[in-house]
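The exercises below concern one sheet and the helices packed on it. Work each one from the coordinates before reading its solution.

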Amino acid sequence: MHVTGHTRRPASIRDVATVAGFSYQTVSRVINGHPGVKPDTRDRVLAAIDELGFRRNATALALASGRSRTVTVLTTDTTHYGYASILRGVEEAARAASYAVGIGVLESADEAAVAAQVQRAADTGGGLIVIAYDPAGVRALGAVPAGLPVVGVVETPASPPGGDRPWVWTDDREAAYEATRHLLSLGHETVHYVAIPSSTRRTSARTAGWRQALRDAGAPEPRPVQGSWGPEGGHTAGLKLARDPAVTAILCGNDDLALGVLRALHECGRAVPGEVSVAGFDDAPHSAYLTPSLTTVRLDFTGLGRAAFALLHGVLEEAAQIGPRPVSVPELVVRESSGPPPATA
């Protein structure tokens with residue numbers, strides 16, 4: 001078989017907008033079956049779809065019936081507790097609104113790779129939700145084409161964002177502050193911190209909250225120990241901290257790190273909470289069933305996912321204005337892993 005010439009790339013939604021003579025947002029409304037689209041506008045968009053052969057097999061038929069309602073979530077991870085819970089919240093809220101949910105996995109933070117994944121997601125129509133907890137997610141959020149409805153799930157901003165930022169977040173800074181203050185209130189001279197990676201800056205909101213609590217109490221500020229997202233990073237950090245007898249309280253950037261820290265302390269013969277108190281972050285399901293059960297901060301990630309979809313749904317249906325908003329109040333959950341230091345026990 002002989003092939004000559006170049007293979008034509010599939011038509012994109014932007015091609016449809018150009019041929020139809022409408023904005024990207026107008027075509028998106030047609031794709032999502034918005035009831036406020038004028039009949040002649042819908043007809044011109046569908047005619048452009050016919051002309052370009054834009055996903056004729058299934059999508060065009062769905063557009064003609066006005067029943068296409070889709071949202072794509074871009075994320076680097078689908079297994080870690082926070083990410084997975086956000087996805088669950090988006091799916092629950094979308095299902096209730098008769099929207100379908102697709103997932104695009106960002107496998108690299110490389111600019112070209114991220115741009116390609118964003119393009120694929122944009123070409124499916126509908127809106128996007130980007131989980132921007134890491135460099136790839138942050139880059140994807142910045143690469144979304146103008147006019148495409150998008151909501152970002154972000155770290156707690158360092159300062160209040162502008163009103164045009166379609167973001168949702170939990171107050172990680174306040175949560176870390178409360179957890180640190182709890183450990184200090186038990187009589188610990190200071191609190192050491194095992195940090196998760198930050199998405200956009202050296203100091204994450206959780207690190208900032210921990211540090212502010214120490215400063216407000218006039219407590220010494222140890223250098224944070226950089227961890228990762230999982231137990232292995234916590235175990236490595238825990239072995240380092242366990243060697244220092246002056247360490248009596250450790251706050252971990254998430255519960256998986258705390259799991260590794262607890263194992264390291266056990267291996268080094270440091271009793272919890274008799275010699276060292278440990279607190280986590282997120283209140284993952286396993287936290288209540290560790291030995292000892294883990295003191296942690298509960299964050300409603302599922303609610304965050306629901307809120308992200310609600311904000312995007314309002315934009316798609318023109319029922320709400322885009323704007324940033326914090327979601328949920330963190331709750332300190334005190335369990336067995338925190339207690340007074342040895343000198344005051």
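**Exercise 1.** Which residue in β9 is the bridge partner of Ala 249?

Solution. The model is predicted. Strands β8 and β9 pair in the parallel sense, over three bridges. Within β9, the bridge partner of Ala 249 is Ser 277.

**Exercise 2.** Find the partners of β8 residues in strand β6, and then give the strand order of the sheet.

Solution. Step one: β6 (residues 192–195) and β8 (residues 249–252) run parallel and are joined by three bridges. Step two: His 192 has Ile 250 as its bridge partner in β8, and Val 194 stands opposite Cys 252. Step three: the open sheet has four strands in the order β7-β6-β8-β9, with parallel pairing. Its edge strands are β7 (225–226) and β9 (277–279), each of which pairs on one side only.

**Exercise 3.** Which strands does each of the helices α10 and α11 lie across, and at what angle does each run?

Solution. Helix α10 (residues 231–242) lies across β6, β7 and β8, and runs at about 160 degrees to β6. Helix α11 (residues 255–267) lies across β6, β8 and β9, and runs at about 150 degrees to β8. Together with β8 and β9, helix α11 makes a β-α-β unit that is right-handed.

**Exercise 4.** Classify the residues on the two faces of β8: are they buried or exposed?

Solution. Take the cut-off for buried as under 20% relative accessible area. On one side, Ala 249 and Leu 251 are buried. On the other, Ile 250 and Cys 252 are buried, so by this cut-off both faces of β8 are covered.

Terms used. Residues numbered from 1 in each chain as written. Predicted model: local features only at pLDDT ≥ 70, side-chain atom pairs only at ≥ 80, totals over all residues. Heavy atoms only, no water. Pairing = 2+ DSSP bridges. Contact = heavy atoms within 4.5 Å. Axes fitted to C-alpha atoms, helices over the stretch in contact; angles between N-to-C directions. Buried < 20%, exposed > 50% of the residue type's maximum accessible area, 1.4 Å probe, protein only. Right-handed = clockwise from strand over helix to strand, strands pointing away.
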